[in-house]
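Work through the following exercises with the sequence and the 3D view side by side, and try each task before you read its solution.

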Amino acid sequence: MKPYAIKENHLYRKTFQRGKRWSGKFVSVYILKDLAAKKLKKANPQKQYINRIGLSVPKREGGAIERNRVKRIIRAGLQGVERRYTLRRGFLIVIAARPGIETQKSPAIESELRYIFKKLEMLECHESQIVWMRDHDGIDFPDMVKTCCRYRGFQCGAEYAEGFRQCQVYLKG
């Protein structure tokens with residue numbers, strides 16, 4: 001599926017100002033929850049939430065030809081990540097190029113984007129494992145973990161928390 005582009009300048013500004021940011025060597029990624037996600041879900045033929053993607057390449061990277069090449073490299077890296085992993089949906093994602101990207105190939109950008117999305121918690125578990133657990137064991141695992149963490153949080157006065165058990169065995173050294 002072709003990614004939806006961010007077309008409005010105010011969405012770029014809002015994502016740069018309020019979004020989560022993580023920078024790598026060649027790209028910076030800004031992510032913000034999309035407030036229009038429900039409306040776009042209804043308009044989408046598959047009735048799924050979608051991400052809107054924006055690419056930002058400054059003029060210091062060169063003329064139009066060089067900037068378009070950088071955009072193609074970023075798009076190819078993003079497609080590689082989306083082919084192998086499932087990204088969380090319903091977000092505005094702006095990928096900004098950093099100096100030195102023009103000499104890179106798409107596999108290097110793909111690995112950097114994968115690392116950044118992992119740090120920004122955008123990569124979901126592999127969907128087939130979740131589906132298998134639901135079909136095989138009848139367990140909605142993500143919901144179960146969320147419910148357990150919410151219960152532990154309720155016990156200690158927080159929204160979410162984790163429970164740990166003390167190790168009773170002392171390891172020799």
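Helices, counted here as DSSP runs of at least four residues, and strands, counted as runs of at least two, are numbered from the N terminus. The model you are looking at is a predicted one.

**Exercise 1. The layout of the chain**

Task: Work out how many helices and strands the chain has, and in which order they follow one another.

Solution. Begin with the count, which gives six helices and five strands. Next, walk along the chain from the N terminus and write down each element as you meet it, which yields the pattern β-α-β-β-α-β-α-β-α-α-α. Finally, turn to burial, for which the cut-off is a relative accessible area under 20%; buried residues make up 32% of the 173 residues in the chain.

**Exercise 2. The sheet**

Task: Find the order of the strands in the sheet, and decide which strands lie at its edges.

Solution. The five strands form an open sheet with mixed pairing, and their order in this sheet is 1-4-5-3-2. The edge strands are strand 1 and strand 2 (20–23), each of which pairs on one side only. To check one end of the order, look at strand 1 and strand 4, which run parallel and are joined by two bridges; here A5 has I53 in strand 4 as its bridge partner.

Now move on to strand 5 and examine its pairings in turn. Strand 4 (residues 52–56) runs parallel to strand 5, and five bridges join them, while R52 is the residue that stands opposite L92 in strand 5. Between these two strands the chain passes through helix 3 (residues 64–84), and the resulting β-α-β crossover is left-handed. With strand 3 (residues 27–33), by contrast, strand 5 pairs in the antiparallel sense, over seven bridges, and in this pairing K33 is found opposite F91.

**Exercise 3. The surroundings of strand 5**

Task: Decide whether the residues of strand 5 are buried or exposed, and examine each of its faces separately.

Solution. Recall first that in a regular strand the side chains alternate between the two faces of the sheet. Sort the residues of strand 5 by side, which puts F91, I93, I95 and A97 on one side and L92, V94 and A96 on the other. The residues on both of these sides are all buried, and both faces of the strand are therefore covered. Since seven of the seven residues of strand 5 (residues 91–97) are buried, the strand is largely enclosed by the rest of the structure.

**Exercise 4. Salt bridges**

Task: Determine how many salt bridges the model contains, and which residues they link into a network.

Solution. A salt bridge is counted when a side-chain nitrogen of Lys or Arg comes within 4 Å of a carboxyl oxygen of Asp or Glu, and by this rule there are three.

1. The side chains of E8 and R52 meet at 3.9 Å, N to O. Because E8 lies in the loop between strand 1 (4–5) and helix 1 (9–18), and R52 in strand 4, this pair ties together parts that are 44 residues apart in sequence. E8 has a relative accessibility of 34% and so counts as partly exposed, whereas R52, at 11%, counts as buried.

2. R52 also forms a salt bridge with D34, and their closest N and O atoms are 2.9 Å apart. D34 is in the loop between strand 3 and helix 2 (37–43) while R52 is in strand 4, so the pair joins parts 18 residues apart in sequence. Both R52 and D34 are buried.

3. E110 and R84 form a salt bridge in which the closest N and O atoms are 2.5 Å apart. This pair links distant parts of the chain, with E110 in helix 4 (residues 106–119) and R84 in helix 3, 26 residues apart. E110 is buried, with a relative accessible area of 13%, but R84 counts as partly exposed at 48%.

To finish, look for shared residues: E8, D34 and R52 are linked in a network of salt bridges.

**Exercise 5. A patch on the surface**

Task: Identify which residues form a nonpolar patch on the surface.

Solution. The patch is formed by F141, M144 and V145, which together have about 230 Å² of accessible area. Take V145 as an example: it is found in helix 6 (residues 141–156). With a relative accessibility of 36%, V145 counts as partly exposed.

Note on methods:
Residues numbered from 1 in each chain as written. Predicted model: local features only at pLDDT ≥ 70, side-chain atom pairs only at ≥ 80, totals over all residues. Heavy atoms only, no water. Buried < 20%, exposed > 50% of the residue type's maximum accessible area, 1.4 Å probe, protein only. Pairing = 2+ DSSP bridges. Right-handed = clockwise from strand over helix to strand, strands pointing away. Patch = residues over 30% accessible without salt bridge, like charges linked within 9 Å, V, L, I, M, F, W, Y side chains within 5 Å. Areas by Shrake-Rupley, 256 points an atom, 1.4 Å probe, with all protein chains shown as cover.
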